[in-house]
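Today I opened a new entry to look up one helix and its surroundings, and then the chain as a whole.

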Amino acid sequence: MKRFFRLCLYAAPYWFQSLLGVVLLAAVGLLEALRLLILGPILRTVLDPSVKSESIPLFPKLPAPYQFDLMKIVPSHFHNAWNVVAFALIGSTVLKGISDYFGTYMVNYAGYGMITDLRNHLYETIMKSSASFFSKHATGTILSTLINDVERVQTAVSAVLGEFLQQAFTFLFTIAAVIALGGRLSWVLLLFVPVVITSARKIGRSVRVRTRTGQDRVAEIQNILHETITGNRIVKAFSTELWEILRFKKAARRLFRANLHSVRIQSISSPLMDVIGSIAIALLLLVGRNEIKAGRMDMGTFVVFIIALFKLYDPVRKFAFFYNSFQQAMGASVSIFNFLDVEDDVREKSFAHTLKAFHDKIAFENVSFAYSTDEGECEILHQINLEVRRGEMLALVGPSGAGKSTLVNLIPRFYDVSSGRIVIDGHDVRSLTLDSLRKQIAQVTQETILFNDTVHNNIAYGQPDKPRDEVEQAARHALAHDFILRMPQGYDTIIGEKGFRLSGGEKQRIAIARAILKNAPILILDEATSALDTESESLVQIALSNLMQGRTVVVIAHRLSTVRRATRTVVLEDGRITAIGSHDELLKTSPTYQRLYELQFVGGVEGFLPEAVTPMEAAT
Ligand SMILES: Nc1ncnc2c1ncn2[C@@H]1O[C@H](COP(=O)(O)OP(=O)(O)O)[C@@H](O)[C@H]1O
Ligand SMILES: [Mg+2]
């Protein structure tokens, strides 16, 4: 119920359309019932030429003021039974059609409008989530919620809601008509109310549970799709197509079962209503016969009464479907609200400080850090104390898994420290606006992230207003200009999803051009060249030196040349700093550094061994 009201909040801005829609659809229900009632006069007056009537009541059984004489609402020069009935019939149908059209439109307008807002809000929340959100939730699951779950709610609040309102009003007005026509007879109906309600509720509850399972299955399929389509090169390289197809088929089979199960539950409701309905009518026929025999009711009224009853039965049958649909929407909204409610660890303080241009130093003060995962927390960094002064180039070395990437990711606040603090120019990073903090930092990582857009837009990412010549200048410094010009449309070439059409070194140089254009004072390099072959690496190295010029650099190094150029080098082992110093000092003082030096830096051709082979793994 709480979820329902929460959804309603999204409808609040559309109150006018909703209200208008409801009123119009109420009119539809009223006119529908009226059309039904006109059948009475047709049977009683129009089709019986012996009757010369001065009044055409719709409810002959009620006291005179409530009989609703058609003669009185139709202009007086029409007074002839056929004219009157025809006028009422056509008039009410046309009016009903108009109300139906606009009412449905208005309700859908409100429904689609609120869903659009809900989807936007969800996307906004997800986009603003911290890195840990994305490492906790699989891409496929996020996509499935944004697409499928929102879609379910959308169906419920647009098309189904419109239809529901129309049927509900038709139902109400028809009930009124039935009672007015049937008098005593109509009490029989009440006997069926509890039966209908309990069976609908029972069915609805299991539908909700089933829907949730079904949606999880869809998310599962979406996850497999996402992994295997984006990772199709690995799939090919390992010839695991068959295995992946099998995995997909298994997931599809599970979805198939979940779907069938909910169909089983849903489709029981309609036959159930059928049976209940026919029992009711059979009973009524029995009672009705006695009423007519006793002269308490004429045949015409009774026929209209029975027809009205049949009409009632249609909305009742559909209610099971509406109820199912709303239950599905409620089930789907669970995961939507779960995402909306994620308590994000990295949040901007209200009244956060804006960081002006970086001018002094970055300081780690007693920093410890643990990733919070579903399995609990495991501390990765312990008591880090470190200072990076402006203009310095600090190299970070250590075995893989030591926590180097984790350490540098704390600076732009991709994660927040568990204890201690990181201070930039005297401000705790948590007291700064995320935007002003991240503006000061450019990053080049091992895995370049490019968008399926033009080369120009990829370099000018986040700065769409940069003029072409500045972008080209950045590309020149990144040694990317020449190969870009060789591409079919130069800077306007679309580079394909994740830059599939570029080589590793080319991708990296575009990422460097992007960092050069960003022109941030602090630069973080996380094994920017480790994935490259020696030849493209040397180009990237030159590009990187251009990028490093005049900046404060923290570089995770795996090449001797980088370490040699660094002002200081930090050795990180198992989340602890074990030594700091220059290359020569560390060779004397740090055994780990010596090992790294022998294995990585001197291992054959300088800079030939990829970072993946580090003492940790070499030893095991
Ligand atoms: N998002 C994450 N969630 C949980 N654990 C992580 C996450 N990222 C890295 N780790 C763990 O933290 C440790 C350090 O990782 P990382 O900083 O990437 O090491 P390095 O860059 O030195 O190779 C590893 O043991 C890794 O398994
Ligand atoms: Mg790393």
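I looked first just after H15, where leucine 479 takes a positive phi of about 55°; helices here are DSSP runs of H or I with at least four residues, and strands are runs of E with at least two, numbered from the N terminus. I noted that this is a predicted model, in which local features need pLDDT of at least 70 and side-chain atom pairs count only at pLDDT 80 or more, while totals for chains, interfaces and linings use all residues. Residues are numbered from 1 along each chain as its sequence is written, and chains are lettered from A and ligands numbered from 1 in the order in which they are written.

Next I asked which residues of helix H15 (residues 468–477) are buried. I found Val471, Ala474, Ala475 and His477, where buried means that 20 or more other C-beta atoms, placed from the backbone, lie within 10 Å of a residue's own, exposed means 12 or fewer, and partly exposed is in between. They lie on the same side of H15 because they cover an arc of only 165° around the axis, the arc being that of the directions from the helix axis to the C-beta atoms. Arg468 and Asp469, on the other side of H15, are exposed.

I then looked up what covers the buried residues of H15, and the list includes helices H14 (455–459), H16 (481–485), H17 (504–518) and H18 (534–548); contact here means C-beta atoms, placed from the backbone, within 7 Å.

Last, I recorded for the whole chain that it has 22 helices and 10 strands, and that buried residues make up 35% of its 620 residues.

How values were computed:
Two residues are in contact if their C-beta atoms, placed from the backbone, lie within 7 Å.
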